[in-house]
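Please look through the model below with the backbone trace and the sequence side by side. The paragraphs that follow begin at one loop and work outward from there.

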Amino acid sequence: MHRSLEMAVRDAYPSPGKCIYCLRKDTARTIEHIVPLALNGTWIIHDAACAECRDKTNHRYENKALNSDSLRVIRKFLRLKRRRRGNDQKEIRLPPVWSGDSANLIYAPPPLAENPLEEEFPAIFAWLDLEPARLLAAHYPPESREKIRVVFTRLDGRSVPDEPVSLRLQIPPALFMLVARIGYSYAVAELSTDGFDGSEIRALLSDGGENVFDFVGGVYGLKSNNSSHFHDLKITEVGEFVVVMVNLFSSYGIPPLEVIVGKRLK
Ligand SMILES: [Zn+2]
């Protein structure tokens, strides 16, 4: 059902010659980070997003997602702060961000910080393990659409206590819009905007929408990607769709999500 395409590992992708979101060629464009810099994203696409689309993605969901409880906790824990002028950032060593096929490259994650900031922040990271994206309904058995699980991971490597944990958790749809954008921009970087029919997800990303869970969902039957990479992205195919597996924080055992980026072209 899944197929990993052979991909080269690259840090910077060349300009697609147009904005990857609105496809306009006549506007000034800037670098697009596939995974946000605030999450230690290192891959960029040169000259890939126009000012108007950047404003839309930033204001409609990206900033909201980065400041949501789930990502705020991990950013704080990892001392990942958005670069601000005059703000001296502490260097931290993290596993390399990686994309492609895990057969060839394995990195061991470095040990986590000595002082896990426990007084300031719980070192427990919460994430949703979703049912598969609705567009894939025909490709997964009915029992895959049962429930949504909240996954707790201790960032300091200790096991999650058995006693009930009470967390006030806000996981907004904006988070999954960000995941959709990450999957789409990675697919475009690897396959180009002509490599698949991305018109539907582009409409979602620029107009926002209540149908983000048509495009973003859990990977059926896969609770962990067993990856030691900080973030992991892979292009696969499910039925007629091109799908990107987006596994943020994969080295912490966070389950991956799938983004349906569009239909394959014949
Ligand atoms: Zn644009």
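Thr-42 lies in the loop between β2 and β3, where helices (H or I, at least four residues) and strands (E, at least two) are DSSP runs numbered from the N terminus. With 16 C-beta neighbours inside 10 Å, Thr-42 counts as partly exposed; a residue is called buried if 20 or more other C-beta atoms lie within 10 Å of its own, exposed if 12 or fewer, and partly exposed in between, with C-beta atoms placed from the backbone. Although Thr-42 and Asp-11 are 31 residues apart along the chain, their C-alpha atoms are separated by 6.6 Å. The model is a predicted one, in which local features need pLDDT of at least 70 and side-chain atom pairs count only at pLDDT 80 or more, while totals for chains, interfaces and linings use all residues. Residues are numbered from 1 along each chain as its sequence is written.

The strands on either side of this loop belong to an open sheet of three strands, in the order β1-β3-β2 and with mixed pairing. β1 (12-13) and β2 (29-33) stand at the edges, each with a single partner strand, so one side of each is left without a neighbour in the sheet. Strands of a sheet pair through backbone hydrogen bonds, either parallel or antiparallel, and two strands are taken as paired here if DSSP finds at least two bridges between them. β1 runs parallel to β3 (residues 44-50) and is joined to it by two bridges: Ala-12 stands opposite Ile-44, and the bridge partner of Tyr-13 is Ile-45. On the other side, β2 and β3 pair in the antiparallel sense over four bridges, with His-33 standing opposite Ile-44. β3 is mostly covered, since five of its seven residues are buried. Helix α1 (residues 51-66) lies across β2 and β3 and runs at about 95° to β3; axes are lines fitted to C-alpha atoms, for helices over the stretch in contact, and angles run from 0 to 180 degrees between N-to-C directions.

Leu-23 is found in the loop between β1 and β2, and it has a positive phi of about 65° although it is not a glycine. Most residues other than glycine have a negative phi. Leu-23 is partly exposed, with 14 other C-beta atoms within 10 Å.

Taken as a whole, the chain has five helices and eleven strands, and of its 266 residues 38% count as buried. Two residues are in contact if their C-beta atoms, placed from the backbone, lie within 7 Å; of the contacts in the chain with a separation of 6 or more, 70% are accounted for by residues 24 or more positions apart.

The largest nonpolar core, meaning a set of buried Ala, Val, Leu, Ile, Met, Phe, Trp, Tyr and Cys residues joined through C-beta atoms within 7 Å, has 64 residues, and those with the most contacts inside it are Val-179, Ala-180, Ala-187, Phe-215, Val-244, Val-259 and Val-261. Helix α3 (residues 173-191) gives the most to this core, with 14 residues. α3 is mostly covered, with 18 of its 19 residues buried. At 1.5 Å a residue, the 19 residues of α3 should span 27 Å, and its end C-alpha atoms are 27 Å apart, which agrees; the expected span is 1.5 Å times one less than the number of residues. Just after α3, Ser-192 takes a positive phi of about 75°.

Leaving aside its neighbours within four places in sequence, Val-261 is in contact with residues including Gly-183, Tyr-184, Ala-187, Phe-196 and Val-244. Phe-249 lies in the loop between β10 (241-247) and β11 (257-264), and has a positive phi of about 55° although it is not a glycine. With 23 C-beta neighbours inside 10 Å, Phe-249 counts as buried.

The confidence of the prediction is given by pLDDT, which scores each residue from 0 to 100. The chain averages a pLDDT of 76, and 68% of the residues score at least 70. Among the elements of the chain, strand β4 (residues 98-99) has the lowest mean pLDDT, 41, and strand β7 (residues 196-197) the highest, 97. Over residues 1-9 the pLDDT is below 50, and this stretch has 18 contacts in the model beyond near neighbours in sequence. Residues 81-121 also have pLDDT below 50, with 66 contacts beyond near neighbours in sequence. Where pLDDT is low, the predicted coordinates should not be read in detail.
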